[in-house]
Amino acid sequence: MGVKVTVQWAGFRATMAAASSSRKKMPLKFRWTIAFLVVTLSLCFADDDHEMEEFLKREHSLSKPYQGVGSSSSSHWELMGDAMVTTEQVRLTPDMQSRQGAIWSRIPCHLKDWEVQVHFKIHGQGKKNLNGDGLAIWYTKERMQKGPVFGNKDNFTGLGVFVDTYPNEEKHIERIFPFVLAMVGNGTISYDHERDGRPTELGGCNAMVRNLKHDSFLFIRYVRRRLTVMIDIDGQHEWRDCLDLPGVRLPQGYYFGASAITGDLSDNHDIISMKLYQLTVLRSKKEEEEEEDVITIPSVDNMDDEGMSGIAIFFTVLFSMLGCIFLIVIGLVVYSHWNENRRKRFY
Ligand SMILES: [Ca+2]
C-alpha cells in the first residue's frame with residue numbers, strides 16, 4: 001500500500017504557500033509578478049518539465065522500530081552474517097575486525113521509477129584512513145550471498161552504490177576518501193577491490209561521512225533510465241549532487257539490500273532507515289515507445305566498448321601490424337621498380 005508523503009521541491013512549495021498566505025496585503029501587480037516568477041521557476045526546476053509524485057512503499061522500506069526484523073520470518077527484511085538489530089539502528093558490522101553483515105528485502109521490487117533514501121551512520125575508534133571498509137546499497141537480482149564486495153557477492157547482477165571508506169589503491173592522491181561510487185554489474189563484471197572499483201565505476205564523489213555528529217543520508221533515484229545519486233552529509237538538509245547518468249538499464253523485480261564489511265581495519269556501519277518511494281512520472285508517447293523493450297540484463301549505454309576483451313585487443317594489434325608490414329612491402333616493391341626504371345633511363 002502506498003502512502004503519499006511528499007512532492008518534489010517541498011521547500012519551494014512552502015515558499016509558495018507563504019506567498020499565498022500573505023496575499024491580502026499585496027497589490028495586484030505585485031501578486032501577478034510573484035505568480036509569474038513562481039510558474040517560471042517551477043518550470044525550470046521540475047525535472048526536465050516532468051511532474052513527479054512520490055509514494056512511500058512500506059513493503060520495501062525499513063525504519064524504526066524494525067518490527068520483526070531478524071526475529072520473524074514474516075518480516076519483509078532478512079539479516080545476514082554479523083548484522084544486528086537494536087532499537088536505534090540495524091548495525092551491519094560492529095567496529096571489530098573481519099566482520100561482514102547485510103540486510104536484504106524479501107520482496108522483489110517491480111517499480112519502474114523509484115527513489116531510495118538511506119539514513120546511515122559510519123563511526124568508529126580508528127583515526128582517518130585507519131578504518132574500513134565501507135558499506136553498500138544494492139538493487140540486485142541476487143540476495144543473501146556473502147562475498148568480498150562490501151560483504152556481498154562479486155559478479156553481482158544489478159546496481160551497487162558503495163560508500164568506500166578505505167583507499168586500497170596507493171595512487172589515491174587525487175581522490176579523497178571516503179568516496180561514494182556507483183557500479184552496474186551484469187553477472188560477469190568483477191569489482192576490483194585493490195583499485196577501489198575504479199575500472200568499473202560509473203562516477204562518484206567524495207563524502208566525509210565518518211564520525212559525524214549530525215545525520216547523514218544517501219539518495220539514489222532511478223527515473224526514465226536515469227541514475228542519480230545525491231548525498232546529504234553536511235547537516236544542512238540539502239542534497240548535494242554526486243552522480244547523474246542517463247542510459248542506465250536496470251531490470252524490474254530485483255531486491256534492495258545493504259551490506260558492509262570490515263577487514264584489518266573496522267567501523268560501525270549502521271543503517272537507520274531505508275525508505276523506498278515509488279515515483280509517478282508522466283512520459284511522452286516517444287519516451288514510452290523508446291522504453292517499450294523489456295530490460296533483462298543490466299547495462300549502461302555507451303560503456304560497452306570500454307571493456308575490450310583481451311582477444312579483441314590481440315587481434316586489433318595483430319591486424320594493425322600485418323597492415324603496416326603489407327604497406328611497407330608494397331612501398332619497397334614500388335620503390336625498387338621506380339629505381340630500376342630510373343637506372344634503365346640512365347644507361
Ligand atoms: Ca576501498
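Colleague: Which residue in E17 is the bridge partner of Thr 93?

Modeller: Before answering, I should say that this is a predicted model, and then that the bridge partner of Thr 93 in E17 is His 269. That pair belongs to a wider pattern, in which E5 and strand E17, residues 268–281, pair in the antiparallel sense over three bridges.

Colleague: With which other strand does E5 form a hairpin, and how many residues lie between them?

Modeller: The hairpin is made with E4, and four residues lie between the two strands. Strand E4 covers residues 84–85 and strand E5 covers residues 90–93, and the two run antiparallel, joined by two bridges; Met 84, for instance, has Arg 91 as its bridge partner in E5. As a general idea to keep in mind, the side chains of a regular strand alternate between the two faces of the sheet.

Colleague: What does the side chain of Gln 100 reach?

Modeller: Gln 100 has its place in strand E6, residues 100–105, and its side chain reaches the backbone nitrogen of Gly 147 at 3.4 Å. Leaving aside neighbours within four places in sequence, Gln 100 is in contact with several residues, among them Leu 92, Thr 93, Gly 147 and Ile 261.

Colleague: Which residues coordinate the calcium ion?

Modeller: One reads such a site by listing the donor atoms, and here the calcium ion is coordinated by two OD entries of Asp 164, the O of Tyr 166, the OD1 of Asn 168 and an OD of Asp 196, at 2.3 to 2.5 Å. Along the chain these donors follow the spacing D-x1-Y-x1-N-x27-D.

Colleague: Why does Tyr 166 count as partly exposed?

Modeller: Tyr 166 counts as partly exposed because its relative accessibility is 26%, and the class called partly exposed lies between the cut-offs of 20% and 50%. Asn 168 also counts as partly exposed, because its relative accessibility is 21%.

Colleague: How many aromatic pairs does a search of the whole structure find?

Modeller: The search finds 14 aromatic pairs. One of them, formed by Trp 114 and Tyr 222, is tilted, with 5.8 Å centre to centre and 40 degrees between the planes. This pair links distant parts of the chain, since Trp 114 lies in strand E7 and Tyr 222 in strand E12, 108 residues apart. Both Trp 114 and Tyr 222 are buried, and ring pairs link them with Tyr 139, Tyr 254 and Phe 256 into a cluster.

Colleague: Over which ring does the charged end of Arg 175 sit?

Modeller: The charged end of Arg 175 sits over the ring of Phe 179, 3.9 Å from its centre, while that of Arg 143 sits over the ring of Tyr 255, 5.4 Å from its centre.

Note on methods:
Residues numbered from 1 in each chain as written. Predicted model: local features only at pLDDT ≥ 70, side-chain atom pairs only at ≥ 80, totals over all residues. Heavy atoms only, no water. Donors = N, O, S within 2.8 Å, 3.2 Å for Na, K, Ca; no water. Buried < 20%, exposed > 50% of the residue type's maximum accessible area, 1.4 Å probe, protein only. Pairing = 2+ DSSP bridges. Polar contact = N/O pair within 3.5 Å; in protein donor to acceptor, adjacent residues only side chain to side chain. Contact = heavy atoms within 4.5 Å. Phe/Tyr/Trp six-rings, centres within 6.5 Å; stacked < 30°, edge-to-face > 60°. Lys NZ or Arg CZ within 6 Å of the ring centre and 35° of its normal.
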